[in-house]
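Subject: Structure handover

Hello,

Here is the structure I promised to pass on. My notes follow below it.

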Amino acid sequence: MLVYTLAFCHTAAAGSAEESGDILRVAVPTAAWALTFHYDDPQGRRDFYQSFAANIVATYALKQVVDKKRIDGSDDDAFPSGHASTAFQGAAFLHRRYGIRRAWWAYALAAYTGWTRIDADEHDAADVLGGAAVGIASSFLLTQSREQSVVWVPEIGPNYVGLRFSLNPGTRR
(Lines give C-alpha, C1' and ligand atoms only; values in the text may rest on other atoms or scores of the structure.)
Protein backbone atom coordinates (compact mmCIF):
# COMPACT_ATOMS: atom_id res chain seq x y z
CA MET A 1 0.00 0.00 0.00
CA LEU A 2 2.92 2.37 0.56
CA VAL A 3 3.71 2.38 -3.17
CA TYR A 4 0.16 3.46 -4.05
CA THR A 5 0.31 6.28 -1.53
CA LEU A 6 3.60 7.60 -2.91
CA ALA A 7 2.24 7.78 -6.46
CA PHE A 8 -0.87 9.68 -5.38
CA CYS A 9 0.99 12.07 -3.04
CA HIS A 10 3.51 13.04 -5.69
CA THR A 11 0.71 13.63 -8.19
CA ALA A 12 -1.22 15.82 -5.78
CA ALA A 13 1.92 17.86 -5.05
CA ALA A 14 2.53 18.69 -8.70
CA GLY A 15 1.73 22.23 -9.78
CA SER A 16 0.10 21.46 -13.11
CA ALA A 17 -1.34 18.63 -15.16
CA GLU A 18 1.78 18.55 -17.32
CA GLU A 19 4.04 18.25 -14.26
CA SER A 20 1.89 15.47 -12.82
CA GLY A 21 2.17 13.59 -16.13
CA ASP A 22 5.96 14.00 -15.99
CA ILE A 23 5.94 12.48 -12.49
CA LEU A 24 3.52 9.66 -13.32
CA ARG A 25 5.50 8.51 -16.36
CA VAL A 26 8.14 7.49 -13.80
CA ALA A 27 5.95 6.70 -10.78
CA VAL A 28 3.72 4.07 -12.42
CA PRO A 29 6.52 1.81 -13.71
CA THR A 30 8.51 2.43 -10.52
CA ALA A 31 5.55 1.25 -8.44
CA ALA A 32 5.23 -1.85 -10.65
CA TRP A 33 8.93 -2.60 -10.20
CA ALA A 34 8.71 -2.01 -6.43
CA LEU A 35 5.85 -4.50 -6.14
CA THR A 36 8.16 -7.24 -7.44
CA PHE A 37 10.13 -6.74 -4.21
CA HIS A 38 6.97 -6.61 -2.11
CA TYR A 39 5.88 -9.98 -3.56
CA ASP A 40 9.45 -11.37 -3.37
CA ASP A 41 9.25 -12.10 -7.09
CA PRO A 42 12.68 -12.28 -8.77
CA GLN A 43 11.19 -13.72 -12.00
CA GLY A 44 8.74 -10.82 -12.10
CA ARG A 45 11.64 -8.40 -11.70
CA ARG A 46 13.45 -10.00 -14.66
CA ASP A 47 10.25 -9.82 -16.70
CA PHE A 48 9.84 -6.17 -15.71
CA TYR A 49 13.40 -5.30 -16.78
CA GLN A 50 12.92 -7.03 -20.15
CA SER A 51 9.54 -5.46 -20.87
CA PHE A 52 10.69 -2.01 -19.73
CA ALA A 53 13.82 -2.16 -21.90
CA ALA A 54 11.85 -3.43 -24.92
CA ASN A 55 9.32 -0.64 -24.43
CA ILE A 56 12.00 2.07 -24.34
CA VAL A 57 13.78 0.67 -27.42
CA ALA A 58 10.54 0.28 -29.40
CA THR A 59 9.26 3.73 -28.41
CA TYR A 60 12.43 5.57 -29.38
CA ALA A 61 12.91 3.51 -32.55
CA LEU A 62 9.39 4.51 -33.64
CA LYS A 63 10.12 8.14 -32.80
CA GLN A 64 13.10 7.98 -35.19
CA VAL A 65 11.22 6.19 -37.97
CA VAL A 66 7.91 8.08 -37.81
CA ASP A 67 8.44 11.73 -38.69
CA LYS A 68 5.48 13.43 -37.01
CA LYS A 69 5.45 17.00 -35.73
CA ARG A 70 4.24 17.72 -32.22
CA ILE A 71 1.07 19.76 -31.84
CA ASP A 72 3.10 22.70 -30.50
CA GLY A 73 5.58 22.39 -33.40
CA SER A 74 8.59 21.98 -31.11
CA ASP A 75 10.05 18.92 -32.87
CA ASP A 76 9.21 15.96 -35.10
CA ASP A 77 9.22 13.02 -32.69
CA ALA A 78 5.62 13.07 -31.51
CA PHE A 79 4.74 9.45 -32.31
CA PRO A 80 4.45 7.53 -30.06
CA SER A 81 4.11 9.30 -26.73
CA GLY A 82 6.96 8.22 -24.46
CA HIS A 83 5.05 9.32 -21.38
CA ALA A 84 2.11 7.10 -22.33
CA SER A 85 4.30 4.15 -23.29
CA THR A 86 6.18 4.06 -19.97
CA ALA A 87 3.08 4.59 -17.84
CA PHE A 88 1.10 1.92 -19.71
CA GLN A 89 4.07 -0.47 -19.63
CA GLY A 90 4.00 -0.32 -15.83
CA ALA A 91 0.23 -0.77 -15.68
CA ALA A 92 0.23 -3.65 -18.16
CA PHE A 93 3.10 -5.34 -16.32
CA LEU A 94 1.03 -5.32 -13.12
CA HIS A 95 -1.99 -6.62 -15.04
CA ARG A 96 -0.12 -9.42 -16.78
CA ARG A 97 1.97 -10.51 -13.77
CA TYR A 98 -0.42 -10.04 -10.84
CA GLY A 99 -3.90 -9.63 -12.34
CA ILE A 100 -6.26 -6.77 -13.08
CA ARG A 101 -7.19 -6.26 -9.42
CA ARG A 102 -3.65 -5.09 -8.74
CA ALA A 103 -3.46 -3.00 -11.92
CA TRP A 104 -6.67 -0.98 -12.23
CA TRP A 105 -5.23 2.03 -10.38
CA ALA A 106 -2.14 1.98 -12.60
CA TYR A 107 -4.27 1.96 -15.77
CA ALA A 108 -6.23 4.95 -14.41
CA LEU A 109 -2.99 6.86 -13.73
CA ALA A 110 -1.56 5.85 -17.12
CA ALA A 111 -4.70 7.13 -18.87
CA TYR A 112 -4.42 10.38 -16.93
CA THR A 113 -0.74 10.60 -17.95
CA GLY A 114 -1.77 10.29 -21.60
CA TRP A 115 -4.41 12.98 -21.15
CA THR A 116 -1.80 15.35 -19.67
CA ARG A 117 0.22 15.06 -22.89
CA ILE A 118 -2.79 16.03 -24.98
CA ASP A 119 -3.68 18.84 -22.55
CA ALA A 120 -0.10 20.20 -22.80
CA ASP A 121 -0.35 20.27 -26.63
CA GLU A 122 2.61 17.89 -26.89
CA HIS A 123 0.63 15.03 -28.49
CA ASP A 124 -2.67 14.17 -30.11
CA ALA A 125 -4.82 11.13 -29.29
CA ALA A 126 -3.08 8.97 -31.93
CA ASP A 127 0.32 9.62 -30.32
CA VAL A 128 -1.01 8.68 -26.88
CA LEU A 129 -2.83 5.58 -28.16
CA GLY A 130 0.31 4.53 -30.02
CA GLY A 131 2.39 4.93 -26.87
CA ALA A 132 -0.18 3.00 -24.85
CA ALA A 133 -0.14 0.18 -27.42
CA VAL A 134 3.66 -0.09 -27.36
CA GLY A 135 3.73 -0.11 -23.54
CA ILE A 136 0.96 -2.68 -23.22
CA ALA A 137 2.40 -4.92 -25.93
CA SER A 138 5.88 -4.92 -24.40
CA SER A 139 4.52 -6.09 -21.05
CA PHE A 140 2.04 -8.62 -22.38
CA LEU A 141 4.61 -10.17 -24.72
CA LEU A 142 7.50 -10.32 -22.24
CA THR A 143 5.85 -10.92 -18.87
CA GLN A 144 4.79 -14.32 -17.61
CA SER A 145 1.56 -14.40 -15.62
CA ARG A 146 1.54 -15.72 -12.07
CA GLU A 147 -2.16 -16.49 -12.39
CA GLN A 148 -3.36 -19.96 -13.28
CA SER A 149 -5.28 -19.69 -16.50
CA VAL A 150 -6.65 -21.61 -19.43
CA VAL A 151 -5.62 -20.31 -22.85
CA TRP A 152 -8.02 -21.00 -25.72
CA VAL A 153 -6.72 -20.85 -29.29
CA PRO A 154 -8.98 -21.20 -32.34
CA GLU A 155 -7.81 -23.76 -34.88
CA ILE A 156 -8.86 -24.12 -38.49
CA GLY A 157 -7.75 -27.13 -40.50
CA PRO A 158 -8.57 -28.54 -43.93
CA ASN A 159 -11.51 -30.55 -42.56
CA TYR A 160 -12.25 -29.03 -39.18
CA VAL A 161 -12.75 -25.96 -37.06
CA GLY A 162 -12.08 -26.19 -33.34
CA LEU A 163 -10.58 -24.81 -30.18
CA ARG A 164 -7.32 -25.93 -28.65
CA PHE A 165 -6.61 -25.12 -25.01
CA SER A 166 -3.66 -25.29 -22.65
CA LEU A 167 -3.34 -24.77 -18.94
CA ASN A 168 -0.85 -22.24 -17.60
CA PRO A 169 -0.32 -23.44 -14.03
CA GLY A 170 1.16 -20.07 -13.01
CA THR A 171 4.02 -19.58 -10.60
CA ARG A 172 2.20 -18.75 -7.36
CA ARG A 173 3.54 -20.32 -4.21
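How are α2 and α3 oriented to each other? They are roughly antiparallel (an angle over 145 degrees). α2 and α3 (residues 42–65) pack at an angle of about 160 degrees, with axes 8 Å apart. Axes are lines fitted to C-alpha atoms, for helices over the stretch in contact, and angles run from 0 to 180 degrees between N-to-C directions. Helices are DSSP runs (H or I, at least four residues), numbered from the N terminus.

First, the basis. This is a predicted model, where local features need pLDDT of at least 70, side-chain atom pairs count only at pLDDT 80 or more, and totals for chains, interfaces and linings use all residues. Residues are numbered from 1 along each chain as its sequence is written, and side-chain values use heavy atoms, leaving out hydrogens and water.

Back to the α2 and α3 pair. Among the α2 residues that meet α3 are W33 and F37 (contact: heavy atoms within 4.5 Å). The α3 side includes F48, Y49 and F52.

α3 also packs on α6. Their axes come within 8 Å and cross at roughly 145 degrees. A54, A58 and L62 are among the α3 residues in this contact. V134, G135 and L142 are among those from α6.

Now the core. The largest nonpolar core (buried Ala, Val, Leu, Ile, Met, Phe, Trp, Tyr and Cys joined through side-chain atoms within 4.5 Å; buried is under 20% relative accessible area, 1.4 Å probe, protein chains only) has 23 residues. α4 (82–98) supplies at least two of them. In fact α4 gives the largest share, eight residues. F88 is one of those with the most contacts inside the core. Beyond its neighbours within four places in sequence, F88 is in contact with Y107, A110, A111, A132, G135 and I136.

Best wishes

Note on methods: Buried means under 20% relative accessible area, exposed over 50%, partly exposed in between (1.4 Å probe, protein chains only). Helices (H or I, at least four residues) and strands (E, at least two) are DSSP runs, numbered from the N terminus. Angles under 35 degrees count as roughly parallel, over 145 as roughly antiparallel, 65 to 115 as roughly perpendicular and the rest as oblique.
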